[in-house]
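Work through the exercises below with the model open in your viewer. Each task is followed by a stepwise solution.

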Amino acid sequence: MPEVPGREPTVATVNGSLVADEALTDSDSTAGDRTDTTPPRDEAGDAELVLARIAATLAEPGLVILTGMPGAGLTTALRRAAMDFRGPVFTGGGLAILRTTPALALTRAVRARLPVADPALLVEAVRSRVRDGLLVLDDLQWADPYSLAALPDIARHCRVLAGLRTPHPLPADVERRLRTVASGWLPLPALDDRAAEAVVRRAAPGLAPTAVAAVVRRAGGVPLALECLARRAAARDGDPGPGRGADPQVGYAVAQALADLTRPARTAMAALGLLGTPAPGPLLGPGVDQLVDAGLVTRAGDNITPRSPYVAEVAAGMLDTAERRRLHRRLAQLLPDAQATRHLAAAGDTARAYQYAITAAAAAKTTGERADLLLFACGLDGAKPSYDITLAAAEAALTAGRPRSCRRILGGAADPRSVLLRAEALLQSGHPAEAETAVTTIPDAAADHLVAARDRIRVLAALTRDHTDPAPLVAAVTARHGLSPRHTGLRAALAAAAAHTRIPGWENSLAAATVAAGTAGDSLAARWSAWLLVENLAADGRLDEAARAAQQAAAACAADLAYSWQTRFLAAELWCTALRGEALDPVVRRALDLLDRAAPAVAHGYALAAASLAEADSGLLAAARTRLARQGACPPSVTGPLDWVAGEAAWLDGQPDQAMPQDSSHTTSALLRGLREITARWARYDGAPEPGYETTEHTLAPVRATLAAWQAVATDPDRATEFHPAARSWHAMVRREEIRCLLALGTHAREPEQAVPPLMDAERLAEQSGQVVLLGRVRRALRRHSVRRDTRGARAGDDLTDRERDVLRQVAQGEPTRRIAGLLGISRETVETHIRSGMRKLGARTRTEAAARAMEVLG
């Protein structure tokens, strides 16, 4: 088949679509006829169904042709069908560079010289060798004319299975003849997500779930693309990244296929690759029908979606520079400004790209979109944004939760507005001292709104300083601006100061300041206030309220596409839920998923603390402690939670000497200070040395009651009953501390009638909440009073199957279901089945409890 002649296309529009500006060549016309005369494709459900249909169709002599796009796995499917066939198999096929060699495809299959000069003898020679066997021909698109001409006659006597890559260069009359005689013309479907994930796991076992999902999404179920993208992601820290150049293997396969398309079809496929999203068919032009027929795209109404986004990107990458720029320019004319700006930039038209971005930013409906557009405009090579645009970009970046982008855009500008935005970015990044220093350049004589913004930074920074009373500063600020300043950001900061000193009604004031800032359009102040509300509620042990506030704020940020702020609130919600001792399995799964994503350091720290605490409480101590040991530098705001969780995990793991916390007086959270002191008491009870610092006064009633009970039993063991009211005070706050108080009562009580009832209450609570390690300690205390429990259920752990053991070991290492499925080569549903079976056999209520018990049984 000759190559398609003609010069490279230039792109024009007809009724808003992309078409080539030259007339179709003869070859193009043939391809167009082929599209019109092609009967409807025989749709199949999945690969297994296709293989079953091949086997059923080839129960008698006949021809079955399996079609698929480049990299779809045709060769693998043919191999599997051949392996399933009971009888001799003769495998051959066409070769692109030897298409003119007579009967080469058949000669390779039967391994004998064939009489190519006589068609009848050629058919008989093949029939006499194949007989009741199976003739398999791969790459039928490269088969020589003699083999193609003989196939219909051979199929009358033999079973023939052929693979045909689409699009293909076969002449229209040859395709019509093959379709006429074929018993089945079956398209090979793309892999579903489960099978695609398994391919990615085999190619790159260490990829995180989010990276696996990204690879699956981009590859579109094409095995070759899945493998290439998986290897690329493994080499690039989980980022398969678009636009990084095609893998040579995929690029060659796609190049061969696209060479057999008409020019309008090639243009449409390249446009899909440049767009990176589905597109309306009229936008892409008349080549869409051929792409649909070739199986390269799918049609849903007017929308056209590439079967594999990666293959579309490869198609776009095959354009030369000039052609790609022309196509980018035409797309920019047909798309809204927000999308057009990137196409103009790619076309080298920086000036228009900048102007389009500014126009689109002004019309943006969400903070995230506006920040993206303004930051893009300011980052264009050669762009010279105005002062107002630079400030707008920096402010939008801050509102979207991107402080580093804000500082990058501002550079070293020293004007007051830039200084204030830079200080806000430092504050948001966890550097309050630097932020406070930065605003010292704003004089009192500056405009009122600048001074108010300066004082906002000063107040918020002062609230983070240890052993410093912010009252004098707050008094000076209110003296200047009043108790209810017009500046919504300053009003929110004063509400935060009231929260810091716990002035009665502080939570209502902070919530009202949040609403006022949002109503006034000050989204940054509103989000800061919502964040401070969550942190202060959590610090006071009002974890349920904090979690609800975090959920509401996260939903609002998601609607505004403020992803960085959203992840902060999601992580805070998980931390509160883990502290309460609820839903430990979901907390672990959600927190690990958050850790796999790009998120601010604060969000990462809270998610790490939540996952590690939930794992430690559930019995997965090795996974929790390993994850904590690998943590990097964290902002001061999450250092306290992480330090306490590390100490708590060490105590749960039977290493009290490593559980002793450092001086907690600098920790701003009253709850965390109390928890650290309680953990230290348990560690000393288990043999750890006395701390080298003095304890502090505690404001939370449950903490005071618990520490008072410890002090009481230290002087008189008969006062162990004081742990009972302490346990009740924890009931609505932190379940694990309620259990520990009951355990302390049962441990210190001398008489069984005093010890056993609280221990049984502790056992019930620990079972309900999945606190596996504490449950084990409670049961050991019960055994001292001759009360025993069967911890494994009706059947022994030895009844676990090998696969159940393998799955539970992976769960114990903190692996999620998707990763376990990939590592073991089984489906997610099968993983869940093994987990449920293991839970039943071990008498466990949660998957992590089952894993912990399995590790006890298996060692």
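## Exercise 1: A cavity and its lining

The second largest cavity has a volume of about 110 Å³. The model is a predicted one.

**Task.** State how many cavities of 30 Å³ or more the structure holds, and describe which residues line the second largest.

**Solution.**
1. Count first. There are four cavities of 30 Å³ or more.
2. List the lining of the second largest one. The residues are Asp-585, Val-588, Arg-589, Leu-592, Leu-620, Val-811, Gly-814, Glu-815, Pro-816, Thr-817, Arg-847 and Thr-848.
3. Sort them by class. Five are nonpolar, three polar and four charged.
4. Assign them to helices. Both α31 (584-595) and α44 (847-858) supply at least two lining residues.
5. Find the top contributor. With four residues, α31 gives the most to this lining.

## Exercise 2: A buried arginine without a salt bridge

**Task.** Find which side chain of opposite charge is nearest to Arg-159, and decide why the pair is not a salt bridge.

**Solution.**
1. Place the residue. Arg-159 is in strand β6 (residues 159-165).
2. Look for the partner. The nearest side chain of opposite charge is Asp-132, 4.5 Å away.
3. Apply the cut-off. A salt bridge needs the nitrogen within 4 Å of the carboxyl oxygen, so the pair at 4.5 Å does not qualify.
4. Check the backbone too. A polar atom of the Arg-159 side chain lies 3.2 Å from the backbone oxygen of Asp-132.
5. Conclude. Arg-159 is buried and has no salt bridge, yet its side chain has a polar atom 3.2 Å from the Asp-132 backbone oxygen.

## Exercise 3: Salt bridges around α24 and α35

**Task.** The salt bridges number 35. For Arg-454, Asp-455 and Arg-681, identify which residue is the partner of each, and say whether the residues are buried or partly exposed.

**Solution.**
1. Start with Arg-454. Its salt bridge is to Asp-444, with the closest N and O atoms 2.7 Å apart. The two are ten residues apart: Arg-454 sits in helix α24 (residues 448-462), and Asp-444 in the loop between α23 (432-438) and α24.
2. Compare the two ends. Arg-454 has a relative accessible area of 6%, so Arg-454 is buried. Asp-444 has 48%, so Asp-444 is partly exposed.
3. Stay in α24. Asp-455 forms a salt bridge with Arg-458, at 3.0 Å from N to O. They are three residues apart in the helix, so about one helical turn separates them.
4. Check burial again. Asp-455 is buried because its relative accessible area is 1%. Arg-458 is partly exposed because its value is 27%.
5. Move to helix α35 (residues 670-685). Arg-681 and Glu-677 both lie there, four residues apart, about one turn of the helix. Their side chains meet in a salt bridge at 3.6 Å, N to O. Both residues are buried.
6. Add a network. Salt bridges link Asp-617, Glu-648, Arg-736, Glu-737 and Arg-740.

## Exercise 4: Backbone geometry

**Task.** Determine where the residues with a positive phi, Arg-131 and Arg-502, lie, and what omega is for the bond from Thr-166 to Pro-167.

**Solution.**
1. Recall the baseline. Most residues other than glycine have a negative phi, and most peptide bonds are trans.
2. Take Arg-131. Its phi is about 50 degrees. Arg-131 lies in the loop between α5 (119-130) and β5 (134-138).
3. Take Arg-502. Its phi is about 55 degrees. Arg-502 is in the loop between α26 (488-500) and α27 (506-519). At 28% relative accessibility, Arg-502 is partly exposed.
4. Finish with the peptide bond. From Thr-166 to Pro-167 the bond is cis, with omega near -5 degrees. Pro-167 lies in the loop between β6 and α7 (172-181).

## Exercise 5: Two loop residues

**Task.** Decide whether Thr-366 and His-431 are buried or partly exposed, and find what lies at the given distances from each.

**Solution.**
1. Thr-366 is in the loop between α18 (350-363) and α19 (367-379). Its relative accessibility is 15%, so Thr-366 is buried.
2. A polar atom of the Thr-366 side chain lies 3.2 Å from the backbone nitrogen of Glu-369.
3. His-431 is in the loop between α22 (416-428) and α23. Its relative accessible area is 34%, so His-431 is partly exposed.
4. Pro-636 is 205 residues from His-431 in sequence, and 8.9 Å away in space, C-alpha to C-alpha.

How values were computed:
Residues are numbered from 1 along each chain as its sequence is written. This is a predicted model: local features need pLDDT of at least 70, side-chain atom pairs count only at pLDDT 80 or more; totals for chains, interfaces and linings use all residues. Side-chain values use heavy atoms; hydrogens and water are left out. On a 1 Å grid over the protein atoms alone, a cavity is a set of points where a 1.4 Å probe fits but cannot get out, and a pocket is an open set with protein on both sides within 12 Å along at least five of seven lines; lining residues have an atom within 4 Å of a point. Grid points are joined across faces, edges and corners, and a volume is the space filled by probe spheres set on the points. Ala, Val, Leu, Ile, Met, Phe, Trp, Tyr, Cys and Pro count as nonpolar, Asp, Glu, Lys and Arg as charged, and the others, Gly among them, as polar. Buried means under 20% relative accessible area, exposed over 50%, partly exposed in between (1.4 Å probe, protein chains only). Lys and Arg count as positive and Asp and Glu as negative; His and the chain ends are not counted. A polar contact is a pair of N or O atoms within 3.5 Å; within protein, one must be able to donate a hydrogen and the other to accept it, and residues adjacent in sequence count only if both atoms are side-chain atoms.
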